[in-house]
Amino acid sequence: MSKNLILLLPVLLLLSCQQKEEKVDRPNIIFIMTDDHSYQTLSAYDKRFVSTPNLDRIAHEGALFKNSFVSNSICAPSRAVMLTGKHSHINGHTDNTKTFDGTQPTFPKYLQKAGYQTALFGKWHLESLPTGFDQFEVLQGQGVYYNTPFIRKDDTIASQGYVTDVITDKSLDWLNQRDTGKPFCLLVHHKATHRVWMPDLKYLDSLEDHEFAYPETLFDNYVGRDAAAAQKMSINKDMDLVYDLKMLDPEGEIQTPYRSMYENSQIDNLDENQRKIWDDHYNVLIDEFKKSNLTGADLVKWKYQRYMRDYIRCVISVDDNIGRILEYLDQNNLADNTLIVYTSDQGFYMGEHGWFDKRFMYEESMRTPLLMRYPKMIQPRLEIDELVQNIDYAPTFLQIAGVPVPVDVQGQSLVPLFGGQKEIPGRNGLYYHYYEFPNEHMVKRHYGIRTDRYKLIHFYYDIDDWEFYDLKDDPQEMHNLMEDSNYQPVIDSLKTELKN
Ligand code: SGN
Ligand code: CA
């Protein structure tokens, strides 16, 4: 070794240590997403239906986004928007029937390139295999609640147990075996709380006698809203007694359109022991239901209660499993240097307007929960009022990781809001566009704009209807004011903004 090199060695060693340390100091990211989890059933937002102490903990130790929205309220498109930071018409994934173009840039790819370890466990739903992940195990399409298979890079493997637990187990196992010398980005993407809302066996008996409050609009008649009247997602008409509400009577007297789908693609996945516990629980309810001979409004109310019980039980399992992840971070001294994000791929109707499902630009489905904890940047109990959208997640993650945000990303980093900035530059409203018609639930194609006070929607394709709501006076969007002369100047300016 030359004398010069020997002299340089300590300096080189110091430099390499500094570089290593700098990398380790970069924040980790855990991005948890559920499927169809409504903000109405997350107690940091709404305490009427359920208590979610672990999710609330993220909000209390971090930020609660009070006006968080999606740009296209349906699963795969929402996920494509989050990955790319671009609207559906730019990333190409406009509806659930498409195959995601995995060659395009996404935030996991940028992070991977910057030296992050990246992994994904759970729902994916984008048809093409995930790209940008060192490791992934994803559900086949929607997956199933019990003993669901997982697709890996080269094979498909079986699993045993309740899907929300299994996805968390896989995520924690990955955290345990990761390279601790590098920062990580972990996506934990749950199947719950998607239809058909199958609870964990241990929660089957909970809430059985609980009566949930009825939404004021459960018996909406859709006056002045033809597109709303045309949907097929009503608790009354479309919620299936067997498939959705588990009334699979052994006598076969309850024949419904989805009965065989429930038998052949949902509960057939339970093993013998699981199935016995399942049947012992539901058979009692089936007997009671058959004896009750409910009709009309009483039947709708009964369906609503049954739906809510199973849905909420799925929420409770999610909350339990979020608790496991928070505990892991505490125990492994990772809580301070990890951004933990909780969201859902869209909102959901808990009986509002008489519905389940999503898709519409109305509040319950355009909104989605969004919580973030990162103690180094976010003060506890921060409430953020600004309008944010799922296009903003990718640039936020990149900025926190110190990776430059590419200019073609349409969303904006939310980091300035943590420091008290009260606006997102250039954002006068949110653009929304839903494309999947004709298809299941028959929600018409529509696009629109939502500002902090108003919402303008245009339903198109086989219909040409405009709707306009003043959310301050009519938060439930029952009064379409499109023809109200007092609002014409506002409507005109919103049309211009929408075009822009
Ligand atoms: C399935 C559900 C629908 C749901 C879509 C989209 N039907 O098709 O009720 O709207 O998924 O959901 S089911 O009979 O298969 O349960 S999404 O969250 O994946 O977009
Ligand atoms: Ca969804």
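Begin by colouring domain 1 and domain 3 separately in this predicted model, and place a marker at the centre of each, taken over C-alpha atoms; the two centres are 30 Å apart. If you then select the contact between this pair, you should find 11 residues from domain 1 and 18 residues from domain 3 taking part in it. To set the colours by residue number, use the domain assignment, in which domain 1 is made of 25-198 + 311-423, domain 2 covers 223-306, and domain 3 covers 446-499.

Next, select ligand 1 and display the 20 residues around it, of which Tyr 243, Asp 357, Arg 359, Glu 440 and His 441 come nearest. Which domains each supply at least three residues to this shell? Keeping the domain colours on, you will see that domain 1 and domain 2 both do so. Recolouring the shell by residue character divides it into 9 charged, 6 polar and 5 nonpolar residues.

Staying with ligand 1, look for its oxygen atoms and the side chains that face them in polar contacts. In the side chain of Asp 357, an N or O atom is 2.6 Å from an oxygen atom of the ligand, while a polar side-chain atom of His 441 lies 2.7 Å from a ligand oxygen. Lys 123 can be added to the selection, since an N or O atom of its side chain is 3.2 Å from an oxygen of ligand 1. Switch on the surface here: ligand 1 taken alone exposes 450 Å², and the protein buries 89% of that area.

Now turn to the aromatic rings, for which the count comes to 34 aromatic pairs. One cluster to select is formed by Tyr 222, Tyr 349, Trp 355, Phe 360, Tyr 362, Phe 459 and Tyr 469.

Finish with two places where a charge sits over a ring. Arg 445 lies over the face of Tyr 461, at 3.8 Å from the ring centre, and the charged end of Lys 301 sits over the ring of Tyr 214, 5.2 Å from its centre.

Definitions and conventions. Residues numbered from 1 in each chain as written. Chains lettered and ligands numbered in written order. Predicted model: local features only at pLDDT ≥ 70, side-chain atom pairs only at ≥ 80, totals over all residues. Heavy atoms only, no water. Near = heavy atom within 4 Å. Polar contact = N/O pair within 3.5 Å; in protein donor to acceptor, adjacent residues only side chain to side chain. Areas by Shrake-Rupley, 256 points an atom, 1.4 Å probe, with all protein chains shown as cover. Nonpolar A, V, L, I, M, F, W, Y, C, P; charged D, E, K, R; others polar. Domains from an automatic or database assignment. Phe/Tyr/Trp six-rings, centres within 6.5 Å; stacked < 30°, edge-to-face > 60°. Lys NZ or Arg CZ within 6 Å of the ring centre and 35° of its normal. Contact = heavy atoms within 4.5 Å.
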